[in-house]
Amino acid sequence: MQSNRIIQVEEKVPPRLLVPLSIQHMFAMFGASVLVPFIFKMNPAIVLFMNGIGTLLFILITKGKAPAYLGSSFAFIAPATIVINNWGYQYALGGFVVVGACGCVLAFIIYKCGTDWINVVLPPAAMGPVVALIGLELAGSAAETGCIIGSGVTRGTVITFLVTLAVAVFGSVLFRGFFSTIPILIAIICGYIAGVLTGVIKTQTIIDALHTSFISIPNFQTPKFDINAILIILPVILVIANEHIGHQLVTGKVIGRDLLKDPGLHRSLFADNFSTMISGFIGSVPTTTYGENIGVMAITKVYSVRVIGGAAVLSIICSFVGPLAALIQTIPGPVIGGISFLLYGMIGTSGLRILVDNHVDYSKNRNMILTSVIFVTGLSGVTLALGDVSLSGMTLAAIVGMIMSLVFYAFDKFHLSNDA
C-alpha cells in the first residue's frame, strides 16, 4: 500500500486494513460520545449500541455516498438536563423523538425546495467561519479533557497528553505504508501506554475492567411525552440543522465532493434526524455526525464508508461485550484530549479552506464584515437566551451570519449595496 494514498468513499478495503482503520474511527468518537451519557448519569452501553445502529442507517439512507460516523450530540445537553431534573430521563427521550421527527420534516422541505438557497443564507464568507468555529470553540474542551489546564493538571497528565499529541502529529507526516493510515490509533495506543507508565491509568482499573461480566445488555427504555418538556428541547433543531450542514460541508471539502448535491442534503439530514428519533424510542441520546471522525478522515485520507460501517459494527459489539466496553472506558482524558486537540484544529482549518477554495474577495466590505462578525460572535462568549434555551458559540454565530447574509441579499435586490 502506498503512503498517503487516498482511499475513496466507495472503495473496498481489505480485511487486514479494515479492522484497524475501523477501530481507529471507533476510538476517535468514543471519548466525546460517552461523555453525554455520563452527564445524564446513564450507562453508555446503550449509546454505543445506537451510535452503531445510527451510523449504519446513515450509510444506508445516503446510499453509501457520505462517509460519516454518528455519535452523541452535545447540542441537547442544556435543555435535556432541565427536563431530566424536572420530569425525568424518559421525558427527555420524548423530546428527542419529537426533535428527530421535526428534523425529518425539515429534510423533506429541503428535498422539495432544493439547496441553492444555502449560498444565499450562508455564502462562503459566512460559511467558512461558521465551519471553523465548529472546531475552534471546542479547543478549550480538548485542553480540559486532556487535563493540561485546570485543577487536574499533573506531571503524568501532561506527559500522557504530549505523547499522544506528538505521535498523532508527527506520525501523520512521517509514517509510511500501512502505518500512515492509522496514526490516530497508534497515538491512542502510545498515549495509553504512557498513561500506565505515569500512573494516570491505575493497573487495578484495567484488571477490574477485564473481570467485568462478559455479556452485558444495554439498558433500553421507552420515551414519555409532555408538551412542556418537548417545548424546552424543540429549539435545539436550529442548532443541529446548522451543525449538520457545517459537517457535511467540511466532509465534502475533505473528500473533494459536494455532499449537499449527491447524495443530497435532504438525505443526510433525514438520516441524521431519523437516527435521533430512533435513539429516543429505545432510550439512547440524540446522534449527530461527528467532527472527530471528520478529522480522522482529513488526516488519514481514508474516506471509505466500509471503514465507517466497520466502526459502527464494532461499536454495537462493544455495547454487548462487558470487558471490552469497560476497558475502552479506561482510556483517560489526557489521551482523548491529545487526539481531540489535533482533530478540532483540523476542523477549524477546514473552515478556512472554504474561504480559500471559494476565492472569497475580502476587498468587498460585506465579506470582511460577515467573516469578522461571525468569528467575534462565536468566540466572544456572548449568549442569547430564548426561554430555557441558550444560544452561543457556533450556533449563535451561524444565526447572526444567516441574518446578515439575508439582509445583504436584500440590499443587492434593491441595488443599495456599494460593492455588489
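**A tour of two helix pairs and the cysteines**

Select α5 and α14, which are roughly antiparallel to each other, a label for angles over 145 degrees. This is a predicted model, in which local features need pLDDT of at least 70 and side-chain atom pairs count only at pLDDT 80 or more, while totals for chains, interfaces and linings use all residues. Residues are numbered from 1 along each chain as its sequence is written, and side-chain values use heavy atoms, with hydrogens and water left out.

Helix α5 covers residues 89-113 and helix α14 residues 260-282, and their axes come within 7 Å and cross at roughly 165°. Helices here are DSSP runs (H or I, at least four residues) numbered from the N terminus, and axes are lines fitted to C-alpha atoms over the stretch in contact, with angles from 0 to 180 degrees between N-to-C directions. Among the residues to display are Phe96, Cys104 and Tyr111 in α5, and Leu265, Phe270 and Phe281 in α14, which belong to the contact between these helices (heavy atoms within 4.5 Å).

Stay on Cys104, which counts as buried at 12% relative accessibility (buried means under 20% relative accessible area, with a 1.4 Å probe and protein chains only). Its sulfur is 9.1 Å from the closest cysteine sulfur, in Cys102, too far for a bond, and the whole structure has 0 disulfides (cysteine sulfur atoms within 2.5 Å). Cys318, at 2%, is likewise buried.

Next select α7 (residues 124-136) and α13 (residues 236-255), whose axes lie 10 Å apart at an angle of about 95°, so that these helices are roughly perpendicular (65 to 115 degrees). Met127, Val131 and Ile134 in α7 meet residues of α13 including Ile245 and His247.

Definitions and conventions:
Angles under 35 degrees count as roughly parallel, over 145 as roughly antiparallel, 65 to 115 as roughly perpendicular and the rest as oblique. Buried means under 20% relative accessible area, exposed over 50%, partly exposed in between (1.4 Å probe, protein chains only).
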